[in-house]
Amino acid sequence: MAAPTTIPLELPPGILKVDSPNAGNGRFVDCDKVRFVKNKAEKWNGWNKLIDDQLRGKARGAVAWVNDSGSTNAAFGTHLKLYAVTGNDTLTDITPVRSSVTLTDPFTTTNGSAVVVVADTAHGADDGDFVTFDGATAVGGITIDGEYQLTLIDADSYSITHTSAATSGASGGGSVDADYQINIGTASEVVGLGYGAGTYGVGTYGTERASGLQLELRTWSLQGYGTNMLASPSGGGLYFWDEGASDQALIVSNAPTYIRAMFVTGERFIFALGTDPSTPMKLKWPDQDDMTDWTPSAANTANERTLQYGSKLMAGAALSDGINLVWSDTAVYVFQYTGQSSIYDSRLAGTDCGLISKLAFTRVGGAAFWMSGHHFHMYANGISFVPNQEDIRQGVYENIDPDGITKTWCVYDHKNNQVRWHFCSAGSSEPDLYVDVNLEDFSWTIGTLDRTTGTPFRTFDASSLHVSSDGYIYSHDEGKDADGASMRSFIQFGLYALTRGETNVDISGIIPDCAR
């Protein structure tokens, strides 16, 4: 019997996601948690939980920056809260406070119940908002102190649930300080009904919405600003956090109170996009030297502009050499710094290539990558399609859930030089699939992963932090396992013709050539 012969399988890198695996002759056709390095398949490294603390709400927006002591901080925005991670292991709630008031005897208890009714005329809170009480005296046998999530009753009252039941029915509490955090957002796109649904000024006040208004999910625009951080919740204002000066992010005075998205240019101009609910294509920036001066004049560099192509502005990113991109839902604009009276020259760079969701883009050096409603695009001195995307594009767009498109997000993997998009599969309520492209050979891979947002973390080790749908922060590319559990990975190739049918071949085994 002749000795077996080793026949190399010369399969090109990347996945070919076609209608049938049998159609992928000579190609890999499916995988999970596999990447290609120098044309060879490689299993992902694993991840570990960064801290045991859990974020409240669905995280949609993240950033990392270096503070004034040289350490790296990170921030994560959820539909309920804004958090900072400092010292690699300390989670702090830095959610802005929108209103602080002093109430007199606001609490009413019921014997045997932990539910307490709070009276505050025109409190401005929404159902599910957070309020913190301080300085109260005992009422009904309990002392109401600390943070509570409220249940709306009407415009002048709401209820909270204390940690223990009252021992009597009573009213009181004395002089109580109440801090209301900014109104919470929604975790998913919803249709708002009832009285006053929608943003302020939309529709007639006090008129019930019969057909409903589309309420966008809460995302956060988060940006390092020197050694500090800027934050803007979609549909909200602009906030500034100085780690050493304030426990919470503070409102930026005079900034627009309604912002769809925000970013900082390389010239340190703060671009606020979609600053008017009735004119969602309007953008503004303040004076370069004063973030509180937003009124254009001959004495400052503040400005505003209304763009034409699209129905709403989605996001923006600073690239290099004075080049900045601004996306609408259908188009891309280039803002080039001039330093002249208009500050930036804006021009239309392309249409039919808008952003599929506010977080579906990333910046890589002087280039940008993003996902539109039908293609993957890149900008590097001009707009083009990301190469080789036809290998997987049909499979991605057929599997993405149309009701979860706005939850799509993108991140750059520094360590492996890949751009990855996370999106919801059909019927999934949170992103559970990914597609990524290797920027060295533009090979594409796909797989499954439960992550709702993420950010590159420390530059010196190219680490990254991603958040799961249950609110845990994971440090990726660590070890081989999934936080101590086994990590499933595989790669599959389609039909392969060894001898083109000239002879019969018996296969006794396959020797994998993988790095891990």
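Contact here means heavy atoms within 4.5 Å. I wanted that pinned down first, since my opening entry counts contacts.

**Entry 1: the whole chain**

I'm looking at a predicted model, not an experimental one. I took contacts between residues at least 6 apart in sequence and asked what share join residues at least 24 apart. It came out at 55%. Next I looked up the secondary structure: the chain has 43 strands and 1 helix. Then burial: 50% of the 516 residues count as buried. The accessible surface of the chain is about 23200 Å², and carbon and sulfur atoms hold 48% of that.

**Entry 2: a sheet with β5 to β8**

A reminder to myself before going on: strands of a sheet pair through backbone hydrogen bonds, either parallel or antiparallel. I followed one open sheet of 4 strands and wrote down its order as β5-β6-β7-β8, with antiparallel pairing. Its edge strands are β5 (59-66) and β8 (90-93), and each of them pairs on one side only. On average, neighbouring strands in this sheet are turned by 20° against each other, direction ignored. I zoomed in on β7 (residues 82-86), which pairs with β8 over 4 bridges in the antiparallel sense. In that pair, threonine 86 sits opposite threonine 90 of β8.

**Entry 3: β28 and its hairpin**

How many of the 6 residues of strand β28 are buried? I checked residues 313-318, and 6 of the 6 are, so β28 is largely enclosed by the rest of the structure. Its partner is β29 (residues 323-328), joined to β28 by 5 bridges and running antiparallel to it. I found alanine 318 opposite asparagine 324 in β29. The two strands make a hairpin, with 4 residues between them. In the turn I noted aspartate 321, which has a positive phi of about 55°.

**Entry 4: a sheet that skips along the chain**

I had to read this strand order twice: β4-β42-β41-β40, an open sheet of 4 strands with antiparallel pairing. Why is one side of β4 and of β40 left without a neighbour in the sheet? Because β4 (47-49) and β40 (453-456) stand at the edges, and each has a single partner strand. Neighbouring strands here are turned by 25° against each other on average, direction ignored. I also looked at β41 (residues 464-467) and β42 (residues 473-476), an antiparallel pair with 4 bridges. Serine 464 faces histidine 476 of β42 there.

**Entry 5: one residue up close**

I picked threonine 455, which lies in strand β40. Is threonine 455 buried or exposed? Its relative accessible area is 6%, and the cut-off for buried is under 20%, so threonine 455 is buried. I then listed what threonine 455 touches, leaving aside its neighbours within four places in sequence: Ala62, Val63, Ala64, Val411, Ser464, Leu465 and His466. I followed up on valine 411, which is 44 residues from threonine 455 along the chain. Their C-alpha atoms are 6.4 Å apart. Ser464 was already in my notes, as the residue opposite histidine 476.

Methods. Residues are numbered from 1 along each chain as its sequence is written. This is a predicted model: local features need pLDDT of at least 70, side-chain atom pairs count only at pLDDT 80 or more; totals for chains, interfaces and linings use all residues. Side-chain values use heavy atoms; hydrogens and water are left out. Two strands pair if DSSP finds at least two bridges between them. Axes are lines fitted to C-alpha atoms, for helices over the stretch in contact, and angles run from 0 to 180 degrees between N-to-C directions. Buried means under 20% relative accessible area, exposed over 50%, partly exposed in between (1.4 Å probe, protein chains only). Accessible areas come from the Shrake-Rupley method with a 1.4 Å probe; for residues, only the protein chains shown count as cover.
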